[in-house]
Amino acid sequence: LEMVHKLFPSSRELQCTWTNVVKLGESLYREAPGKDRFRPNQRTPVQDFYLAGSYTYQDYIDSMEGATKSGLLAADAIIEDTLSGRAGSRISTSELAPSAAAVAA
């Protein structure tokens, strides 16, 4: 509890009624050399379609921090594409297979 008070000084004014530490030994996927190439980038080849999530390519493992970083990278890609005029210049959904275009619509 002292660490919480050190990190969040205003917590000293609160009364803690109980605490619990949860550890999940298998909460993360197994990171191994060469596996990053299977993680998709935030910018996709589909027009105006971006990905965000801890599973995408970013500097952190599968975690809340990774998901947050991925969201920021996706937002950066959207802004960059919009400002550079590249937004809408990749594959459109009409160029996809019929089943994929129906799902995207």
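Helices here are DSSP runs of H or I at least four residues long, strands are runs of E at least two residues long, and both are numbered from the N terminus. Keep in mind that what you are looking at is a predicted model.

**Figure 1. The whole chain, before we zoom in, has three helices and zero strands.** Start at the N terminus and the elements simply read α-α-α. Of the 105 residues in the chain, 19% are buried. The chain exposes about 8,500 Å², and carbon and sulfur atoms supply 59% of that area. Now for contacts between residues at least 6 apart in sequence: 38% of these join residues at least 24 apart. As for salt bridges, the count comes to four, and some of them get their own close-ups below.

**Figure 2. Leu 1, Met 3, Val 4, Leu 7 and Phe 8 make a nonpolar patch on the surface.** The patch covers about 530 Å². One of its members, Phe 8, sits in the loop between α1 (2-7) and α2 (64-84). Is Phe 8 buried or exposed? Its relative accessible area is 53%, so Phe 8 goes down as exposed, because the exposed label takes anything over 50%.

**Figure 3. Asp 36 and Arg 39 pair up through their side chains in a salt bridge.** The N to O distance is 3.2 Å. What does each partner's accessibility look like? Asp 36 has 29% relative accessibility and is therefore partly exposed. Arg 39, at 12%, counts as buried, because that label applies under 20%.

**Figure 4. Arg 43 is tied into a salt-bridge network with Glu 80 and Asp 81.** Take the Glu 80 side of things to begin with: the closest N and O atoms of Arg 43 and Glu 80 are 3.4 Å apart. This pair links distant parts of the chain, since Arg 43 belongs to the loop between α1 and α2 while Glu 80 belongs to helix α2, 37 residues apart. Both partners are partly exposed: Arg 43 has a relative accessible area of 30%, and Glu 80 has one of 42%.

**Figure 5. Here is the other arm of that network, where Arg 43 forms a salt bridge with Asp 81.** The closest N and O atoms of Arg 43 and Asp 81 are 3.0 Å apart. Once again the pair links distant parts of the chain, with Arg 43 in the loop between α1 and α2 and Asp 81 in helix α2, 38 residues apart. How accessible is Asp 81? Its relative accessibility is 0%, so Asp 81 counts as buried, whereas Arg 43 is partly exposed.

**Figure 6. Ser 70 in helix α2 reaches over to the backbone of Gly 53.** The side chain of Ser 70 gets to the backbone nitrogen of Gly 53 at 2.9 Å. Which residues is Ser 70 in contact with, leaving aside its neighbours within four places in sequence? They are Gln 42, Leu 51, Ala 52, Gly 53, Thr 56 and Gln 58. So where does that leave Ser 70, buried or exposed? Ser 70 is buried, with a relative accessibility of 0%.

Technical notes. Residues numbered from 1 in each chain as written. Predicted model: local features only at pLDDT ≥ 70, side-chain atom pairs only at ≥ 80, totals over all residues. Heavy atoms only, no water. Patch = residues over 30% accessible without salt bridge, like charges linked within 9 Å, V, L, I, M, F, W, Y side chains within 5 Å. Areas by Shrake-Rupley, 256 points an atom, 1.4 Å probe, with all protein chains shown as cover. Buried < 20%, exposed > 50% of the residue type's maximum accessible area, 1.4 Å probe, protein only. Contact = heavy atoms within 4.5 Å. Polar contact = N/O pair within 3.5 Å; in protein donor to acceptor, adjacent residues only side chain to side chain.
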